[in-house]
Amino acid sequence: MNFRKTYYRGYQSAVNFRPSFFRAKKPELIYGNGAIEQLPNVIRSCNLAKVIIVCSPTVGRLYLPNVIKILVNQGIKFEVFSEVESDPKPTTLDRIYQRYVKNACQGFVALGGGTVINATKAAAALVAHPTMNFSILEGNFKTLRPVPPIISIPTTGGTGYECLDISLISEEDTHQKIMIRNRNLISAYAILDPSLSLSLPPELTAAAGMYSLTRSIEAYLSWMGNSSEDLLLEEESICEIIINLERAFHNGSDIEASLQLMLAAYKSGIASNPSGFGNTQAISYALECVYGAPRGLACAIALPYVLIEYGSVVWRKLAHLAEITGIKYCGSDNELATAFINKLWDISRNIHIPSEYESIQERDFPKLSHLASSAVNPRCPVPVVFSKRQFEQVFRSMMK
């Protein structure tokens, strides 16, 4: 175990070292109620004669007509691909690429949640490397050519995928993920318009908010890679989600709460780029591969159990989060950290997230633990390198 941890930490120190000039770029941010009206100006600023709009059937039905109206009124040429499924496969991404090429498009507009933004980034990687397939592009820094500009318009209360330098693609048969990673995949622009999330079912608001909260907390607990700017963004993101998630869940017309959740997700995306996955996200990934679990829901259930399993290693940082969020100000680090974890339980209950995932079967523990471990190790600087037994302990806790 000691040799394994030493190897992982050495690998992480080498891979995650980034001089200040090499830090990932940020999408240009346009936000506010009605910000979608700025889309034609953004397209012009990117010098794009024609774009392809990528979305899911549901988003196509709810929001695409208004987007089309805005573009038509401004004389912007566009093509539409509105067939992104909930777990897009390589064949779907190839269809987006073919539609893009056939219609001589010059850039992408990703209209939707994290899945749509993810799919758009993968299709953009194909445009930049038309002779390669995803198995060749898989891994770090293989998409070396510039990809076409991507304009991301989140519609799920924000997931932060517009800021991330990765794209995750499901394999057809195994449902495991192929990861493509390069700073070229970060969106050129992010348009955050809270009016696009007001008609969402509350459960989607809950899942998106908890996913962003998980990513911010795990990035904050990372043992390396956090600059002072990252730490500030992570703290702001955590505070904003804790303050606004229940408001947005219980009042779908609360524009201000919805906007704050979108901005929090944007901040968490920027700040979590250096640290990558955490153990909670790895557990969510395993549950998604084996049972098809929604990622946000799985993260929300797993997060408190993972923080408890970390133990005293994270007490000091969790204690600070308890203080800056106003949860508790006095007490030992252990007491403050416990108060913070209890607050996460309270939020989950109040937004109707269960404390267990009933599909988990003990016979699947070996597969689940292997998938979770391979998702974070050796690259991601998690605060505690979980053993197989520790992953199994978290999965067991989630069964109760």
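Two cavities of 30 Å³ or more turn up in this predicted model, and the largest of them holds about 50 Å³ of space. The largest pocket has a volume of about 1,200 Å³. Helix 8 gives that pocket the largest share of its lining, 7 residues. Below is a friendly tour of these spaces, then of the helices and the sheet.

**Cavity and pocket**

- Around the largest cavity you will find Glu-218, Ala-219 and Ser-222, the run Ser-275, Gly-276, Phe-277, Gly-278 and Asn-279, then Tyr-310, Pro-381, Val-382 and Pro-383.
- The largest pocket has 46 lining residues, and Ser-86, Thr-115, Leu-204, Pro-294 and Arg-295 are the ones nearest its centre.
- Which elements each supply at least two residues of that pocket's lining? They are helix 3 (57-62), helix 6, strand 7 (166-170), helix 8, helix 11 (279-291) and helix 12 (295-310).

**Helix 8**

- Helix 8 covers residues 202-221, which makes 20 residues.
- From its first C-alpha to its last, helix 8 reaches 28 Å, close to the 28 Å expected at 1.5 Å a residue.
- Of the 20 residues of helix 8, 17 are buried, so the helix is largely enclosed by the rest of the structure.

**Two buried residues to look at**

- Ser-237 sits in helix 9 (residues 228-250).
- Is Ser-237 buried or exposed? Its relative accessible area is 0%, and buried means under 20%, so Ser-237 is buried.
- Setting aside neighbours within four places in sequence, Ser-237 is in contact with Ser-216, Ala-264, Lys-267 and Ser-268.
- Ser-212 is 25 residues from Ser-237 in sequence, and their C-alpha atoms are 8.2 Å apart in space.
- Thr-280 belongs to helix 11, and with a relative accessibility of 0% Thr-280 also counts as buried.
- Beyond its neighbours within four places in sequence, Thr-280 is in contact with Thr-214, Glu-218, Cys-299, Ala-302, Leu-303 and Val-306.
- Glu-218 therefore appears twice here, since this contact of Thr-280 is also one of the residues lining the largest cavity.

**The sheet**

- An open sheet is formed by 6 strands in the order 1-9-6-4-2-3, with parallel pairing.
- Strand 1 (28-31) and strand 3 (77-81) are at the edges with a single partner strand each, so one side of each has no neighbour in the sheet.
- From one strand to the next, the twist averages 20 degrees.

**Strand 2 and its partners**

- Strand 2 (residues 50-54) pairs with strand 4 (residues 107-112) in the parallel sense over 4 bridges, and with strand 3, also in the parallel sense, over 5 bridges.
- On the strand 4 side, Val-51 stands opposite Gly-107, while Ile-53 has Val-109 as its bridge partner.
- On the strand 3 side, Lys-50 has Lys-77 as its bridge partner.
- In a regular strand, side chains alternate between the two faces of the sheet.
- Lys-50, Ile-52 and Val-54 point one way from strand 2, whereas Val-51 and Ile-53 point the other way.
- How many of the 5 residues of strand 2 are buried? The count is 5 of the 5, so strand 2 is largely enclosed by the rest of the structure.

**Helices across the sheet**

- Helix 4 (residues 64-73) lies across strand 2, strand 3 and strand 4, and runs at about 165 degrees to strand 3.
- Helix 6 (residues 114-128) lies across strand 2, strand 4 and strand 6 (150-154), and runs at about 165 degrees to strand 4.

Technical notes: Residues are numbered from 1 along each chain as its sequence is written. This is a predicted model: local features need pLDDT of at least 70, side-chain atom pairs count only at pLDDT 80 or more; totals for chains, interfaces and linings use all residues. Side-chain values use heavy atoms; hydrogens and water are left out. Two strands pair if DSSP finds at least two bridges between them. Axes are lines fitted to C-alpha atoms, for helices over the stretch in contact, and angles run from 0 to 180 degrees between N-to-C directions. Contact means heavy atoms within 4.5 Å. The expected span of a helix is 1.5 Å times one less than its number of residues. Buried means under 20% relative accessible area, exposed over 50%, partly exposed in between (1.4 Å probe, protein chains only). On a 1 Å grid over the protein atoms alone, a cavity is a set of points where a 1.4 Å probe fits but cannot get out, and a pocket is an open set with protein on both sides within 12 Å along at least five of seven lines; lining residues have an atom within 4 Å of a point. Grid points are joined across faces, edges and corners, and a volume is the space filled by probe spheres set on the points.
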